[in-house]
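The following questions and answers go through how some terms are assigned to this structure. Each answer sets a value against its cut-off.

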Amino acid sequence: MVTSDDDLAVLRRALEQLTGLLREVRADALGDRTPCEQWTVRDLVDHIVAAPTRFGRMVRGESIDWSAPTPAAGDDPAEAFGSQGDDLLQAWREHEGASGPPGLDWQCAEFAVHTWDLAAALGRRTGDLDPEVAERGLAFMQANLTDDNRGPAFGPEQPAPDGAGAYQRIAAVAGREV
């Protein structure tokens, strides 16, 4: 299945808005807790920054050790993530259909959930973020995330408050208390 320019535009917006959030992380907040019980802001930032490289390798058909330790994000996580995000987009352009839209939807889900996680850790609202990114990721998670494959990354689905936005809803499906 060919990945369309519209698909890539959604992924690009996911990457751009997460780059913007990474720019908001202050050094004195790196030790703060996040909605992910075991992670500090630093742990979350490291995970976020490593994701585009791993996904790019996946799109290129390379093997990925998802259990390998996550490398440190470095001194400028926003710059590193932006650069690696550009590489991910290039991988999609060069390998159209390598993983098909489900791979891209999985990536939108990953980025949307962690956008909510980071925004929550920073005390920032998500109402101004692109809802299409979260809606696309949410549809993927609702279709593919089951009790059997939640693993340690996702707790049981939580209720979302009435009138919850797209990012709150995807966070709730991912097991976050919103």
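**Reasoning from values to terms**

In this predicted model, Phe55 is buried, and so is Phe111.

Q: What makes Phe55 buried?
A: Phe55 has a relative accessible area of 2%. Buried means under 20%, so Phe55 falls in that class.

Q: Why is the pair of Phe55 and Trp106 called edge-to-face?
A: The ring centres of Phe55 and Trp106 are 5.2 Å apart, with 80° between the planes. Rings pair if their centres lie within 6.5 Å, and planes over 60 degrees apart count as edge-to-face, so both conditions are met.

Q: Which parts of the chain does this pair link?
A: Phe55 lies in helix 2 (residues 41-59) and Trp106 in helix 4 (residues 100-122), and the two are 51 residues apart.

Q: Why is Trp106 called partly exposed?
A: Trp106 has 31% relative accessibility. The class lies between the 20% limit for buried and the 50% limit for exposed, so Trp106 counts as partly exposed.

Q: What makes Phe55 and Phe111 an edge-to-face pair?
A: For Phe55 and Phe111 the distance is 5.7 Å centre to centre and the angle between the planes is 85°. The distance is within 6.5 Å and the angle is over 60 degrees, so the pair is edge-to-face. This pair, too, links distant parts of the chain: Phe55 in helix 2 and Phe111 in helix 4 are 56 residues apart.

Q: How many aromatic pairs are there, and which residues form one aromatic cluster?
A: The count is five aromatic pairs. Phe55, Trp66, Phe81, Trp106 and Phe111 form one cluster.

Q: Why is helix 1 called roughly antiparallel to helix 3?
A: Helix 1 (residues 5-23) and helix 3 (residues 77-94) pack at about 170°, with their axes 8 Å apart. Angles over 145 degrees count as roughly antiparallel, so the term applies to helix 1 and helix 3.

Q: Which residues make the contact between helix 1 and helix 3?
A: Helix 1 contributes residues including Leu8, Leu11, Leu15 and Leu18, and helix 3 residues including Phe81, Gly85, Leu88 and Trp92. The residues of the contact divide into 11 nonpolar, three polar and three charged.

Q: How do you know that Cys36 is in no disulfide?
A: The count of disulfides is zero. The nearest cysteine sulfur to that of Cys36 belongs to Cys108, 18 Å away. A disulfide needs sulfur atoms within 2.5 Å, so the sulfur of Cys108 is too far from that of Cys36 for a bond.

Q: Are Cys36 and Cys108 buried or exposed?
A: Cys36 has 12% relative accessibility and counts as buried. Cys108, at 0%, counts as buried.

Q: What makes His114 buried, and which residues does it touch?
A: His114, in helix 4, has 7% relative accessibility, under the 20% limit, and therefore counts as buried. Not counting residues up to four places away in sequence, His114 touches Leu18, Trp39, Leu44, His47, Ile48 and Arg176.

Q: Why is Pro35 called partly exposed?
A: Pro35 sits in the loop between helix 1 and helix 2. Its relative accessible area is 29%, between the limits of 20% and 50%, so Pro35 is partly exposed. Not counting residues up to four places away in sequence, Pro35 touches Trp116, Asp117, Ala120, Ala121 and Arg176.

Notes:
Residues numbered from 1 in each chain as written. Predicted model: local features only at pLDDT ≥ 70, side-chain atom pairs only at ≥ 80, totals over all residues. Heavy atoms only, no water. Buried < 20%, exposed > 50% of the residue type's maximum accessible area, 1.4 Å probe, protein only. Axes fitted to C-alpha atoms, helices over the stretch in contact; angles between N-to-C directions. Helix = DSSP H or I, 4+ residues; strand = E, 2+ residues; numbered from the N terminus. Parallel < 35°, antiparallel > 145°, perpendicular 65-115°, else oblique. Contact = heavy atoms within 4.5 Å. Nonpolar A, V, L, I, M, F, W, Y, C, P; charged D, E, K, R; others polar. Phe/Tyr/Trp six-rings, centres within 6.5 Å; stacked < 30°, edge-to-face > 60°.
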